[in-house]
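Please look through the sequence and the 3D structure shown here before reading on. The paragraphs that follow start from one pair of neighbouring strands and work outwards from there.

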Amino acid sequence: MADLDDLGLTALGVAWARAAESSRDDALFDDPLAEAIARIRPRGSEFGGDDGTDERGSAKIRAMYDWIVARTVFLDEVFAAAVAAGITQFVILGSGLDGRGFRLDFGSGAKLFEVDRPSVVEVKEDLVAQSGLAPTVERRVVASDLADDWLRALQGKGFRADLPSAWLAEGLFVYLPDGLGLRVIEGITAASESGSRIGVTVRRAASSVVDDSAADPFADVRKLWRSDVDVAQHVDAAGWDCELSDTREVLAAHGRSLSEAAGAQESATLLSGVRRQRGHGTIDRS
Ligand SMILES: C[S@@+](CC[C@H](N)C(=O)[O-])C[C@H]1O[C@@H](n2cnc3c(N)ncnc32)[C@H](O)[C@@H]1O
């Protein structure tokens with residue numbers, strides 16, 4: 001199997017967290033692809049077993065775990081609302097090892113486009129084949145760096161900008177240089193018919209303070225965080241009616257409180273939005 005680079009490994013960490021959640025008696029979702037991935041590429045110290053970190057490290061792991069569970073549930077609901085609204089085109093940008101194509105009900109005739117860098121797509125499709133799982137939707141995989149002409153690649157796979165669509169960018173913008181993040185927001189907006197939906201992770205989990213100490217199990221991941229762009233402000237300005245939520249609120253709505261250890265950490269922000277009528281945003285290329 002091809003190797004994942006440091007950026008690709010962040011997707012593996014998210015899959016491990018989803019596998020851990022799926023195995024709980026009170027799981028808020030069941031992700032069979034994540035569970036298969038955790039069997040094929042067994043988890044590292046994060047999200048399972050004795051992680052060997054001190055109390056501060058454990059608190060950061062709990063905070064990251066809560067964040068991944070909350071954002072998964074929140075963004076599942078964005079897609080569910082899109083299905084209920086009759087949308088049949090779904091796009092996940094920076095899809096990593098996302099298992100939604102194997103666990104959500106997208107309704108009949110729907111297409112799910114998953115966009116990530118070619119090296120990640122290659123590893124994912126290999127894992128999918130090994131898992132033996134059947135998708136719940138027609139999956140169309142788009143191997144493209146978002147720095148390249150990903151919109152053309154997406155359209156090449158059958159995406160239609162004249163139909164409403166639903167977009168997710170989960171754990172993505174933080175890894176994009178500011179200029180690229182803004183271009184991606186422009187690209188999504190330009191390709192989104194009125195009534196399209198969007199769900200985005202806006203702000204990172206746990207402490208936003210960079211902590212290179214041994215107590216920070218995510219020190220290597222933090223080094224990859226590049227953007228501080230105000231995603232919510234830019235999505236809103238581009239022409240979307242947005243609502244914000246956060247880790248604590250999402251978990252509470254599902255009967256779970258933030259882990260005690262993570263409670264002192266920052267609660268991170270999530271955005272859902274609906275595309276306004278074209279002409280009501282600052283970016284409109286139609
Ligand atoms: C933390 S992972 C999140 C994966 C997935 N969204 C999830 O939540 O399971 C970040 C993902 O963003 C992808 N990514 C980062 N920069 C990218 C770029 N320039 N073009 C395409 N994908 C990118 C990485 O390859 C990686 O799969």
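In this predicted model, a good place to begin is strand β1, residues 89-93, which runs parallel to strand β4, residues 166-169, and is joined to it by four bridges. One of the residues involved is I92, whose bridge partner in β4 is L168. In general, the strands of a sheet pair through backbone hydrogen bonds, and they may do so in a parallel or an antiparallel way.

These two strands belong to an open sheet of seven strands, in which the order is β3-β2-β1-β4-β5-β7-β6 and the pairing is mixed. At the edges of the sheet stand β3 (138-143) and β6 (240-246), each of which pairs on one side only. From one strand to the next, the twist averages 15°.

Helices lie across this sheet as well. Helix α4, made of residues 118-131, lies across β2 (111-116) and β3, and runs at about 145° to β3. Helix α8, residues 231-239, lies across β5 (197-201), β6 and β7 (269-275), and its direction is at about 155° to β6. Taken as a whole, the secondary structure of the protein comes to nine helices and seven strands.

The side chains add further links, for the structure holds six aromatic pairs. In one of them, the ring centres of F90 and F106 are 5.0 Å apart and the planes stand at 75°, which is over 60 degrees, so this pair is edge-to-face. F90 sits in strand β1 and F106 in the loop between β1 and β2, 16 residues apart, and the pair thus links distant parts of the chain. Both F90 and F106 are buried.

W150 and W167 form another pair, and because their ring centres are 6.2 Å apart with the planes at 85°, this one is edge-to-face too. Since W150 lies in helix α5 (residues 150-156) and W167 in strand β4, the pair ties together parts that are 17 residues apart in sequence. W150 has a relative accessible area of 6% and is buried, and W167, at 1% relative accessibility, also counts as buried. Ring pairs link F113, W150, F159 and W167 into a cluster.

Across the 286 residues of the protein, 52% count as buried. As for confidence, the average pLDDT is 87, and 84% of the residues score at least 70. Over residues 205-210, however, pLDDT stays under 50, and over residues 282-286 it is below 50, and these stretches should be read with that in mind.

Conventions. Residues numbered from 1 in each chain as written. Predicted model: local features only at pLDDT ≥ 70, side-chain atom pairs only at ≥ 80, totals over all residues. Heavy atoms only, no water. Pairing = 2+ DSSP bridges. Axes fitted to C-alpha atoms, helices over the stretch in contact; angles between N-to-C directions. Contact = heavy atoms within 4.5 Å. Buried < 20%, exposed > 50% of the residue type's maximum accessible area, 1.4 Å probe, protein only. pLDDT = per-residue confidence, 0-100. Phe/Tyr/Trp six-rings, centres within 6.5 Å; stacked < 30°, edge-to-face > 60°.
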